[in-house]
Structures are given as structure tokens and as C-alpha cells.
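Visitor: Please take a close look at the cysteines of this protein, and then set them in the context of the whole chain.

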Amino acid sequence: QVQLVESGGGLVQAGGSLRLSCAASGRTFSSCAMGWFRQAPGKEREFVAAISWSGAMTYYADSLKGRFTISRDNAKNTVYLQMNSLKPEDTAVYYCAAKTGTVYAGDLVHTRTYNSWGQGTQVTVSS
């Protein structure tokens with residue numbers, strides 16, 4: 001099991017940027033695919049981005065391509081989400097998640113795929 005702690009959320013004006021971090025504990029981090037999801041009030045948790053264990057492959061929600069970038073540093077046991085040109089509709093609690101073991105890339109968009117979840121970090125974008 002991997003323990004995950006997100007940080008970097010906060011209040012930002014529309015058009016601004018934030019970088020979220022997700023620090024992982026456990027020796028299996030470097031073999032985990034990682035994902036970011038978000039959940040706005042009254043809405044279901046939705047896929048934002050995912051990255052393979054090596055960082056070689058990245059995946060994004062179509063609506064977020066070009067504004068969000070996922071990356072990881074296995075030496076630091078950390079995955080990042082760089083968010084640019086933020087909009088009020090990006091307001092949500094952002095969660096990181098880890099998937100140990102083999103995974104089909106197409107499954108990375110589903111919450112049920114992941115074994116471990118962080119507690120979330122609030123991102124609020126003001127207009």
C-alpha cells in the first residue's frame with residue numbers, strides 16, 4: 001500500500017497557475033502508475049491526468065489538454081500536476097491516486113482502478 005499526501009492547493013485568480021504535489025511513502029512508488037482526479041461540490045469524481053510508472057506515458061482528460069501537465073520524480077517519490085490558465089470551473093478538491101501492479105492504460109481514467117488515494121487538496125479559482 002502506498003500512502004499519499006497532496007499539497008499545493010489554494011485560492012487563485014482566473015488565468016493563474018498552481019502546481020500540486022503528491023508525496024508518496026512506500027518503496028513501491030516507482031512501480032506505480034499515478035493519477036490525478038478532481039471532485040467539485042455535487043459532482044462525481046472525474047479523471048484529470050495519469051502517468052505511467054516510468055513517466056514515459058501521460059494521459060489527460062480531453063478538456064484539460066494543453067492547460068494541465070502531469071509529471072513525476074521517482075527519486076523524490078512525488079508526482080506533480082501543473083495547472084495553467086485556470087478557470088473558475090477548475091474549482092474542486094484534487095486527489096492523487098496510485099495503482100500498483102499491471103494496468104491497462106485505458107483503465108487509468110477510472111477511479112476503481114486505483115489502490116490508494118490521498119486526502120485531497122482544495123483548489124479554488126476566483127473569477
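Guide: A contact here means heavy atoms within 4.5 Å. By that criterion, residues 24 or more positions apart account for 59% of the contacts in the protein with a separation of 6 or more. Before turning to the cysteines, some notes on the basis of the values are needed. This is a predicted model, in which local features need pLDDT of at least 70 and side-chain atom pairs count only at pLDDT 80 or more, while totals for chains, interfaces and linings use all residues. Residues are numbered from 1 along each chain as its sequence is written, and side-chain values use heavy atoms, with hydrogens and water left out.

The structure holds one disulfide, a term that stands for a pair of cysteine sulfur atoms within 2.5 Å. Its partners are Cys22 and Cys96, with an S to S distance of 1.9 Å. The two residues are 74 residues apart and so link distant parts of the chain, Cys22 lying in strand β3 (residues 18-25) and Cys96 in strand β9 (residues 92-99). Strands (E, at least two residues) and helices (H or I, at least four) are DSSP runs, numbered from the N terminus. Because the torsion about the S-S bond of Cys22 and Cys96 is about 45 degrees, the disulfide is right-handed. Both Cys22 and Cys96 are buried, where buried means under 20% relative accessible area, exposed over 50%, and partly exposed in between (1.4 Å probe, protein chains only).

Cys32 has a sulfur that lies 10 Å from the closest cysteine sulfur, that of Cys22, which is too far for a bond. Cys32 is nevertheless buried as well, its relative accessible area being 0%.

Around these cysteines, the secondary structure of the protein comes to zero helices and eleven strands. With a radius of gyration of 13 Å, close to the 14 Å that the globule rule gives for 127 residues, the protein is as compact as a globular protein of that length; the radius is taken over C-alpha atoms, and the rule is 2.2 Å times the number of residues to the power 0.38. The C-alpha trace spans about 40 × 25 × 25 Å along its principal axes, and buried residues make up 43% of the 127 residues. The exposed area of the protein is about 6,400 Å², of which carbon and sulfur atoms supply 48%, with accessible areas taken from the Shrake-Rupley method with a 1.4 Å probe, and with only the protein chains shown counting as cover for residues.

Several loop positions complete the picture. Gly26 is placed in the loop between β3 and β4 (33-39), and at 35% relative accessibility Gly26 counts as partly exposed. The C-alpha atoms of Gly26 and Gln3 are separated by 7.0 Å, although the two are 23 residues apart along the chain. Asn77, in the loop between β7 (68-73) and β8 (78-83), has a phi near 50 degrees, a positive value in a residue other than glycine, and its relative accessibility of 22% makes Asn77 partly exposed. Ser85, found in the loop between β8 and β9, likewise has a positive phi near 50 degrees in a residue other than glycine, and Ser85 counts as partly exposed at 40% relative accessibility.
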